[in-house]
Amino acid sequence: PATLRSLTFDDMSFSEELHRRRKDFNIDIGEWGPESSSSSRVIRVVRFSAAVRGVPAVVSSILGDKTDCTNEEVLTTTDTGGLEVHSSTKMSGIPCASSFVNEQDFRFVACGDGTEVVIEGRVEFTAWIIGASYIESSVEHAVGKSFDMWLDLAVERSDAWRTASASAAAAAAAAAAASAAAFASCSSSMSFEEESCAVCHSESGGEF
């Protein structure tokens, strides 16, 4: 979990790339910081604009072509070494935006030599509105596509990390082998010189 965390939530370039793939714009990703002086949880705020897609033209004319989003992420390390991230996204600039919140949960759990990733999403309504079922299905569809992009990018980063780690290990092994060979050659040369000196001392002693 720690490695996957460093490749995803701890790496700002991961979030930047994810938003680019989602075709978001006006992206502002905040730094992680402590939730409070007495809390072990860390928090960051991500602000961005998202295009309104996949709706009828008459609906789009009412909603507008974009929505401004504020995403608050809270990261917690579990007692078992796992990771939980709760994401809460609020929208603005579209009708009824203040009546619902998009909630997402990410959980990283150690599984053998790897990490199991569990992602869940839901829409929570803070007030009764007409068309709630339509909003819920539309948001869940968009979130599902976003989850797929997140997983694809996480796999890409993980594969790249494994490749780089394997290359670094191979280079280190080659350097160690070369160093060992050089040391062996030096030791052999030193032994030969010591033996030669021993013969010289023996011959000199004979002459005396």
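No disulfides turn up in a search of the whole structure, which finds 0 pairs of cysteine sulfur atoms within 2.5 Å. Among the cysteines, Cys-96 is partly exposed, with a relative accessible area of 34%, and Cys-111 is likewise partly exposed, at 46%. Here, buried means under 20% relative accessible area, exposed over 50%, and partly exposed in between, using a 1.4 Å probe and protein chains only. The model is a predicted one, in which local features need pLDDT of at least 70 and side-chain atom pairs count only at pLDDT 80 or more, while totals for chains, interfaces and linings use all residues. Residues are numbered from 1 along each chain as its sequence is written, and side-chain values use heavy atoms, with hydrogens and water left out.

Turning to the interior, the largest nonpolar core holds 20 residues, and those touching the most other members are Phe-9, Leu-83, Val-85, Phe-106, Phe-108, Val-139 and Trp-150. A nonpolar core is a set of buried Ala, Val, Leu, Ile, Met, Phe, Trp, Tyr and Cys residues joined through side-chain atoms within 4.5 Å. At least two residues of this core come from each of α2 (12-21), β5 (83-92), β6 (100-111), β7 and α4, with α4 giving the most, 7 residues. Helices (H or I, at least four residues) and strands (E, at least two) are DSSP runs, numbered from the N terminus. A second, separate core has 5 residues, including Ile-29, Val-46, Ala-50 and Cys-69. Leaving aside neighbours within four places in sequence, Val-85 has contacts (heavy atoms within 4.5 Å) with Phe-9, Glu-73, Val-74, Leu-75, Gln-104, Asp-105 and Phe-106.

The helix α4 (132-207) also appears in the second largest pocket, where α1 (2-7), β7 (114-125) and α4 each supply at least two lining residues. A pocket is an open set of points on a 1 Å grid over the protein atoms alone, where a 1.4 Å probe fits, with protein on both sides within 12 Å along at least five of seven lines; lining residues have an atom within 4 Å of a point. Of the 15 residues lining this second largest pocket, Leu-4, Gly-114, Thr-115, Ser-158 and Arg-162 lie nearest its centre. The most lining residues, 7, come from α4.

Two residues other than glycine have a positive phi: Lys-23, near 65°, and Asn-26, near 55°. Lys-23 sits in the loop between α2 and β1 (25-29) and is exposed at 57% relative accessibility. Asn-26 belongs to strand β1 and is also exposed, at 55%.
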